[in-house]
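Me: I should like to work through this protein model with you, one question at a time. Please explain how each answer is reached.

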Amino acid sequence: MDIVVSMLGGGGGGVGRKRRVGAATATMVAALLTLSSCMDSGDGDKADPAAAGDRLIAGPSGGQTPKPGNPTSAEQPNGKVLSPAPEKPPTATVPPRPRSMAALGDSITRGFDTCSPLQDCPEKSWATGTSADVNSHAKRLGLPADAVFNNAKTGAKMTDLAGQARQAVDQRVDYVTILIGANDACRHTVDEMTSPGTYENQFRDALGILRTGLPSTRVLVVSIPDLGRMWETGHDEFVARAVWAVGNVCQSMLDDPQSTKPDALDRRQRVRDRVTAYNAKLREVCSTWANCRYDGGVVNTQRFGKNDVSHWDWFHPSASGQRTLAEVTSRQGYTWG
């Protein structure tokens with residue numbers, strides 16, 4: 001008997017697709033997830049040592065890890081890489097506090113894997129969640145539940161953003177958040193990643209829908225997280241490696257996670273470079289509309305630690321990670337009147 005498992009990286013390697021697996025494989029996934037939640041990596045509430053200080057160049061077994069996804073980082077003689085400071089958002093007239101909002105995006109904005117394994121949990125979404133643990137944008141704005149819409153969809157890619165934007169237009173919202181693109185880079189192979197040109201055109205079309213249909217609405221565009229950081233966080237964890245392999249999680253980045261062979265290093269760096277290119281397109285297109293604000297790359301450069309990542313799939317943000325997303329995007333987002 002086959003069962004359907006909703007899994008990040010399923011099928012073609014995108015986040016949140018459904019894939020059919022045999023009963024034995026499903027049992028293995030369930031066992032791994034149970035083991036992961038029990039073990040919790042032995043970290044408890046301890047801070048992730050890798051989350052402090054600069055990123056080390058030396059990788060496992062002496063191999064080289066990929067450089068950070070931001071190309072403006074400069075390698076230092078002491079073997080460390082300094083991350084650039086986030087860009088400051090442009091100075092603008094303080095807009096009135098919105099009365100409604102919509103969140104567009106993928107599984108991250110759906111709160112996937114924050115409440116239970118392989119399930120959406122929008123109440124813990126960084127954008128629209130109601131949980132006090134997360135303190136989302138909607139909660140900070142004090143918006144009532146009937147004025148908040150989570151149009152994101154697990155597994156969505158940039159090609160799906162236009163449809164979500166049309167929903168926001170129909171909902172007549174005053175504020176829109178956008179975080180999408182991880183699934184465009186998280187494919188089965190690097191050759192399957194969405195090209196930067198296609199990504200740009202799809203984003204331009206979606207933003208055009210919002211600009212035409214909601215000309216007074218404010219839009220916050222959030223940079224895509226550094227997928228290489230997910231590899232750094234989990235590649236030395238047995239359960240993470242097992243779940244990534246069985247669940248086919250973001251194989252363009254996470255396949256053969258302990259390999260230090262040149263091909264593996266190059267593959268990981270190509271994914272990081274593609275995310276950097278996507279973020280550059282987000283910034284460029286957003287800058288064409290005064291009502292659109294890019295987060296300055298703050299999420300891409302955020303040092304998410306082990307406690308910020310779900311220990312069910314070692315990829316999606318945990319409730320702690322969702323709270324971090326809410327905090328850093330609020331600081332780089334709009335100051336409301």
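Reply: A term is needed at the outset: a cavity is a set of grid points where a 1.4 Å probe fits but cannot get out. Please bear in mind also that this is a predicted model.

Me: How many cavities of 30 Å³ or more does the structure hold?
Reply: Rolling a probe the size of a water molecule over the atoms shows where empty space is left. With a threshold of 30 Å³ or more, the number of cavities in the structure is three.

Me: How much space lies in the largest cavity, and which residue with the number 325 helps to line it?
Reply: The space in the largest cavity comes to about 130 Å³. Its lining includes I108, A182, P225, L227 and M230. Further along the chain, F304, D308, V309, F315, H316 and P317 also belong to the lining, and so does the residue asked for, L325.

Me: Is strand 6 largely enclosed or open?
Reply: Strand 6 covers residues 101–105. In a regular strand the side chains alternate between the two faces of the sheet. On one side of strand 6, M101, A103 and G105 are buried, and on the other side A102 and L104 are buried. Five of the five residues are therefore buried, and the strand is largely enclosed.

Me: Which residues stand opposite M101 in strand 7 and strand 8?
Reply: Strand 6 runs parallel to strand 7 (residues 148–150), to which three bridges join it. Strand 6 also runs parallel to strand 8 (residues 175–179), here with five bridges. In strand 7 the residue opposite M101 is V148, and in strand 8 the bridge partner of M101 is Y175.

Me: Which helix gives the largest share of the largest nonpolar core?
Reply: The largest nonpolar core has 72 residues, and I178, F203, L210, V219, V221 and L227 have the most contacts inside it. The largest share of this core is six residues, and they come from helix 9 (residues 262–286).

Me: Which residue of strand 6 is in contact with L210?
Reply: Neighbours of L210 within four places in sequence are left aside here. The contacts of L210 then include A165, A168, V169, V176, I178, P215, V219 and W289. Also in contact with L210 is a residue of strand 6, namely L104.

Me: Which pattern do the disulfides of the chain follow?
Reply: A disulfide is a covalent bond between the sulfur atoms of two cysteines. A search of the whole structure finds three of them: C115 with C121, C186 with C250, and C286 with C292. Counting bonded cysteines along the chain gives the pattern 1-2, 3-4, 5-6.

Me: Is C115 buried or partly exposed?
Reply: C115 is joined to C121 with an S to S distance of 1.8 Å. Buried means under 20% relative accessible area, and C121, at 2%, is therefore buried. C115 has 34%, and since values between 20% and 50% count as partly exposed, C115 is partly exposed.

Me: How many residues apart in sequence are the parts tied together by C186 and C250?
Reply: The S to S distance of this pair is 2.0 Å, and both cysteines are buried. C186 lies in the loop between helix 4 (182–185) and helix 5 (196–213), whereas C250 lies in the loop between helix 7 (238–247) and helix 8 (251–254). The pair therefore ties together parts whose separation in sequence is 64 residues.

Me: Is the link of C286 and C292 left-handed or right-handed?
Reply: C286 is buried at 2% relative accessible area, and C292 counts as buried at 7%. The angle about the S-S bond is -115 degrees, and the link is left-handed.

Definitions and conventions:
Residues are numbered from 1 along each chain as its sequence is written. This is a predicted model: local features need pLDDT of at least 70, side-chain atom pairs count only at pLDDT 80 or more; totals for chains, interfaces and linings use all residues. Side-chain values use heavy atoms; hydrogens and water are left out. Buried means under 20% relative accessible area, exposed over 50%, partly exposed in between (1.4 Å probe, protein chains only). Helices (H or I, at least four residues) and strands (E, at least two) are DSSP runs, numbered from the N terminus. Two strands pair if DSSP finds at least two bridges between them. A nonpolar core is a set of buried Ala, Val, Leu, Ile, Met, Phe, Trp, Tyr and Cys residues joined through side-chain atoms within 4.5 Å. Contact means heavy atoms within 4.5 Å. A disulfide is a pair of cysteine sulfur atoms within 2.5 Å. On a 1 Å grid over the protein atoms alone, a cavity is a set of points where a 1.4 Å probe fits but cannot get out, and a pocket is an open set with protein on both sides within 12 Å along at least five of seven lines; lining residues have an atom within 4 Å of a point. Grid points are joined across faces, edges and corners, and a volume is the space filled by probe spheres set on the points.
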